[in-house]
Amino acid sequence: MPEGQALVLGGGGVAGIAWMTGVLAGLADAGQNVTGADLLVGTSAGAAVAAQVGSGVPLDALFERQVDPALQAREISVELDMEKFGAEFAELLTGMNSAESAQDALRRIGAYALAARTVPEAERRAAVSSRLPSPEWPSRRMLLVAVDAETGQTRVFDRESGVNLIDAVAASCAVPGIWPPVSIGGRRYVDGGVRSSDNADLAAGSARIVVLSPLGLNSLFPQPVPLLEVVARLRSDGSQVTVITPDEASVAALGINPLDPATRVPAALAGRAQGRAGLAAAVMGD
């Protein structure tokens, strides 16, 4: 039988970090604080939020880090057209009808990332580091997802992997074509969101699972592990799964460029308002 609780935090850029932080704070306002979960699963933006939550810093303080300009992390501005970006990825991720072809597609994404001109890796790492209240792995179980740029294989980092937390978060957040692949142990890694925006399948075995998915159930990006299929499988295995995706106000706040640091304040505020409605108002909630 499934046991324990899991909190799954998905990808969605700096806007997604702010929105998820707001939702978590809003749920706590409603008396439904889910951040004490036994397992944290973080992908891309969700890796940063997982590390923030795992640090033990109170939710209100994490929320202030999103809405107070004096406390905000140092982010690098990027112009991004999500529809165009999604179309490019759709072409790279064609033919994912089997595990082998999916890995081929992820290798194409990795090659695309390795060839892209981006900011230096050290500059990007410094920006990621500024997001984290602590560079230490939490004592509870936390899984951060990345993909090997050369092999297309999934890499799940945890405190037993011997990898620095900042590097693990940076690898999970290394959006192909936007940020440089991250060097760890002689390998290069890209964003775990190319496998799945949420990687909720890693929460299998948990009795209660809450998924915060900034990109929603119908992501622009084709994925080898779609969230809808994962949720159905988790439920069939006996897990109670609640998925929270942005409501109308949150979608407007997240905007068309989730990598724009200016989205942080509106996304955090909209997320907190949405979270205050509680888990019962969640998409696909139980």
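A residue counts as buried when its relative accessible area is under 20%. This cut-off will be used throughout the following account of the structure, which is a predicted model.

Strand β8 offers a clear case with which to begin. The strand covers residues 240–244, and four of its five residues are buried, so β8 is largely enclosed by the rest of the structure. Its partner is strand β7, residues 208–212; the two strands run parallel and are joined by five bridges. Within this pairing, Val210 stands opposite Thr242 of β8.

Helix α1 may be read in a similar way. Of its 17 residues, 15 are buried, and therefore this helix, too, is largely enclosed by the rest of the structure. The length of α1 can also be checked. The helix comprises residues 13–29, and at 1.5 Å a residue these 17 residues should span 24 Å; the C-alpha atoms at its ends are 24 Å apart, so the expected value and the model agree. Just after α1, Gly31 takes a positive phi of about 80°.

One residue of α1 deserves a separate look, namely Gly13. Its relative accessibility is 16%, and because the cut-off is 20%, Gly13 counts as buried. What is Gly13 in contact with, once its neighbours within four places in sequence are left aside? The residues concerned are Ala45, Pro258 and Leu259. The chain also brings Gly13 and Pro214 to a distance of 8.8 Å, C-alpha to C-alpha, although 201 residues separate them in sequence.

The discussion now turns to the packing of helices. Helix α6 (residues 121–131) and helix α7 (residues 165–172) pack with their axes 9 Å apart, at an angle of about 110°. Angles of 65 to 115 degrees count as roughly perpendicular, and α6 and α7 are therefore described in that way. On the side of α6, the residues that meet α7 are Arg125, Val128 and Ser129; on the side of α7, they are Ile166, Asp167, Val169 and Ala170. By character, the residues of this contact comprise four nonpolar, one polar and two charged.

A further pair consists of helix α3 (residues 59–67) and helix α10 (residues 264–275), whose axes are 8 Å apart and form an angle of about 145°. Helix α3 contributes Asp60, Phe63, Gln66 and Val67 to the contact, while α10 contributes Arg264, Val265, Ala268, Leu269 and Arg272. Here the contact residues divide into five nonpolar, one polar and three charged.

Methods. Residues are numbered from 1 along each chain as its sequence is written. This is a predicted model: local features need pLDDT of at least 70, side-chain atom pairs count only at pLDDT 80 or more; totals for chains, interfaces and linings use all residues. Side-chain values use heavy atoms; hydrogens and water are left out. The expected span of a helix is 1.5 Å times one less than its number of residues. Buried means under 20% relative accessible area, exposed over 50%, partly exposed in between (1.4 Å probe, protein chains only). Axes are lines fitted to C-alpha atoms, for helices over the stretch in contact, and angles run from 0 to 180 degrees between N-to-C directions. Angles under 35 degrees count as roughly parallel, over 145 as roughly antiparallel, 65 to 115 as roughly perpendicular and the rest as oblique. Contact means heavy atoms within 4.5 Å. Ala, Val, Leu, Ile, Met, Phe, Trp, Tyr, Cys and Pro count as nonpolar, Asp, Glu, Lys and Arg as charged, and the others, Gly among them, as polar. Two strands pair if DSSP finds at least two bridges between them.
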